[in-house]
Amino acid sequence: MSGLDAIAVKVEGFAAGDAANAIPLLHEIRHALLRLAETGEPTTIDLSAIPFGPGDRDKLFEALGEGEVSASVDALGETRVNETRYPGVWVVHHNSPTGDELVTHIEVTRLPSMLTTPEEDLGEAAAQLAADLDTDSTDNS
Amino acid sequence: MKDDLTLGERLRQRGVSRRGFLKYCATTASMMALPPSMIPAIAASLEKAKRPSVIWLSFQECTGCTESLTRSHAPTVESLIFDHISLDYHHTLQAAAGDGAEHAREEAMKGNWGKYLLVVDGSIPTGENGNYSTIAGISNLAMLEEVAEGAAAIVAVGTCAAYGGLPMANPNPTGAKSVSDLVSGKPILNVPGCPPIPTVISGVLAHYLTFGTLPELDALGRPKAFYGQNIHDRCYRRPFYERGEFAETFDDEGAKKGWCLYKLGCKGPTTYNACATAKWNEGTSWPVESGHGCIGCSEPNFWDAGPFYQALSVPTGDAGNTLLSAAAAGVAAGVAVGFLNKRNKAQAAEAHEQVSADDLSKD
């Protein structure tokens, strides 16, 4: 990146508590958790659609914190999937191959979609493993 | 030479896994401002999407819209979308020039008649028989008429193509007109903004690619997904407006504290765009967050709607209906600081809707 990063940016006097979208979002997450517990219905929230003021997003992630699970998926760039301190609430950061942020989701679910193995891959995997085992046995004989 | 692979097939051919495809669909959904619950439907649709031919005509423009699009901050998705659409003609991005380029355009038109997507940026000058702007000796006006005839749909990118833009500013020396002023009988989608936010442009193209149709439009022909709410309603400084905390100059205490910029001419209340949520420069910031009021660049006639630094509540001499209706709604809020009850808000919304409908009848 350019030397622009070396220029310190100080946000003067903006009390982050003033324009907080973090609190309402946390309530939305709370409702989603209740729904998940009662009906099993998952919820995904796209953070790109939320108007965040400076510092708001950080406040949200700070409030959610870190839980037991932290996973990295390598598909079209890195996707980081972390469970927050509230089980069932996951933050999914999708990044491009060059490391730019694509989209960030908050998933309220038992297992985020990116971590689940796609069903169509299973049949192919079985066939592939069979083929690899066959090749091995022909080599040995 | 076009192949007939669907997008799904093409991605797998390039070694994109199903998880990668899911991520691609999640990004596309976000780009199209669709809820995450639609991701499975998008995935199913993109699996089957064929490769559309796209012809991009640049007329009386500054190339800012193309610049904006090529700065779109989702490079993976961009390259995949642009690899998948067949961008058969684009002055800035194509390698060909001269007769070869024009020939490519004609071939694309012939081979995809009735099915190609026409994208236009820049206004169309109509003065002097349209000869203020020509390409290969053909006036913009004539080229638009010719290419529009075989297009499945037309996307007018940027305020110039959508509403005439800066070239139309008083006294409009070139007789500049918008695409919808000149073309009828074809679905036209306006993506205004000076320039439009990059992900809005690509989001619209992604929608077309995914569903083969244009998204739902408002009264001014803009996709509701991106232009359905005004800046004021999504602005993070709204609480300051409600409390009557305004910056009076660009360097006073209020300005430093990030207070509302209404008094410094912000046109947020009458402007519909996605700047407050999508932001600019890879989500870095946007005019209001950087301390400058919105200039309303995605609205018709923003160039002649009065000074940029005069509050909406102050009527201007020659601005016409647009500003006066907005002023009528804004007076209560501007003069009685912080006083805006629900009734005034409803009236403001109503006033805006009426103005928008009137604006559609061109003068």
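This is a dialogue about how to read helices, sheets, unusual backbone geometry and a chain contact in a predicted model.

Colleague: Before we turn to details, how many helices and strands are there in chain B, and what share of its residues counts as buried?

Modeller: In this predicted model, chain B holds 17 helices and nine strands, and 50% of its 363 residues count as buried. Among the contacts in chain B between residues at least 6 apart in sequence, 68% join residues that are at least 24 apart.

Colleague: Let us take a single helix, then; which residues of helix 1 of chain A are buried, and how should I read their spacing?

Modeller: The general idea is that an α-helix has 3.6 residues a turn, so residues three or four places apart point the same way. In helix 1 of chain A, the buried residues are A:Ala22, A:Leu25, A:Ile29 and A:Ala32. They cover an arc of only 80° around the axis, which puts them on the same side of the helix. The other side of helix 1 of chain A carries the exposed residues A:Pro24, A:His27, A:His31, A:Leu34, A:Ala37, A:Glu38 and A:Thr39.

Colleague: Against which elements do the buried residues of helix 1 of chain A pack, and what is the span of this helix from its first C-alpha to its last?

Modeller: The buried residues pack against strand 1, helix 2 (56-64), strand 4 (89-95) and strand 5 of chain A. Helix 1 (residues 22-39) has 18 residues and reaches 25 Å from its first C-alpha to its last, close to the 26 Å expected at 1.5 Å a residue. The helix is followed by A:Gly40, whose phi is positive, near 80°.

Colleague: In what order do the strands of the sheet in chain A run, and is their pairing parallel or antiparallel?

Modeller: The five strands form an open sheet in the order 1-5-4-3-2, and the pairing is antiparallel. Strand 1 and strand 2 (70-74) of chain A stand at the edges with a single partner strand each, so one side of each is left without a neighbour in the sheet. From one strand to the next, the twist averages 20°. As an example of the pairing, strand 3 (residues 78-83) and strand 4 of chain A are joined in the antiparallel sense over five bridges, and the bridge partner of A:Glu83 in strand 4 is A:Trp90. Helix 1 of chain A lies across strand 1, strand 4 and strand 5, running at about 50° to strand 5 of chain A.

Colleague: What is the strand order of the open sheet in chain B, and in which sense do its strands pair?

Modeller: In chain B, five strands form an open sheet in the order 2-1-3-7-9, with parallel pairing. The edge strands are strand 2 (86-89) and strand 9 (188-191) of chain B, each of which pairs on one side only, and the twist averages 25° from one strand to the next. Six bridges join strand 3 (residues 116-121) to strand 7 (residues 151-157) of chain B, and B:Tyr116 stands opposite B:Ala151 in strand 7. Helix 7 (residues 140-149) of chain B packs on the sheet, where it touches strand 1 (53-58), strand 3 and strand 7, and its direction makes about 165° with that of strand 1 of chain B. Helix 10 (residues 198-211) of chain B lies across strand 3, strand 7 and strand 9, running at about 155° to strand 9 of chain B.

Colleague: How should I look for unusual backbone geometry?

Modeller: Most residues other than glycine have a negative phi, and most peptide bonds are trans. In chain B, the peptide bond from B:Asn170 to B:Pro171 is cis, with omega near 10°, and B:Pro171 is found in the loop between helix 8 (158-163) and strand 8 (176-177). The bond from B:Cys194 to B:Pro195 is also cis, with omega near 0°, and B:Pro195 sits in the loop between strand 9 and helix 10 of chain B.

Colleague: B:Ala136 and B:Lys279 each have a positive phi; is each of them buried or exposed?

Modeller: B:Ala136, with a phi of about 50°, lies in the loop between strand 5 (134-135) and strand 6 (138-139) of chain B, and with 10 C-beta neighbours inside 10 Å it counts as exposed. B:Lys279, with a phi of about 60°, lies in the loop between helix 15 (275-278) and helix 16 (321-335) of chain B, and is buried, with 20 other C-beta atoms within 10 Å.

Colleague: Finally, how many residues does each chain give to the contact?

Modeller: Chain A gives 32 residues and chain B gives 30 residues. On the side of chain A that touches chain B, strand 5 of chain A gives the most, with three residues, and the residues of that side divide into 15 nonpolar, eleven polar and six charged.

Technical notes:
Residues numbered from 1 in each chain as written. Chains lettered and ligands numbered in written order. Predicted model: local features only at pLDDT ≥ 70, side-chain atom pairs only at ≥ 80, totals over all residues. Helix = DSSP H or I, 4+ residues; strand = E, 2+ residues; numbered from the N terminus. Buried ≥ 20, exposed ≤ 12 C-beta atoms within 10 Å, placed from the backbone. Contact = placed C-beta atoms within 7 Å. Nonpolar A, V, L, I, M, F, W, Y, C, P; charged D, E, K, R; others polar. Pairing = 2+ DSSP bridges. Axes fitted to C-alpha atoms, helices over the stretch in contact; angles between N-to-C directions. Expected span 1.5 Å × (residues − 1). Arc of directions from axis to C-beta.
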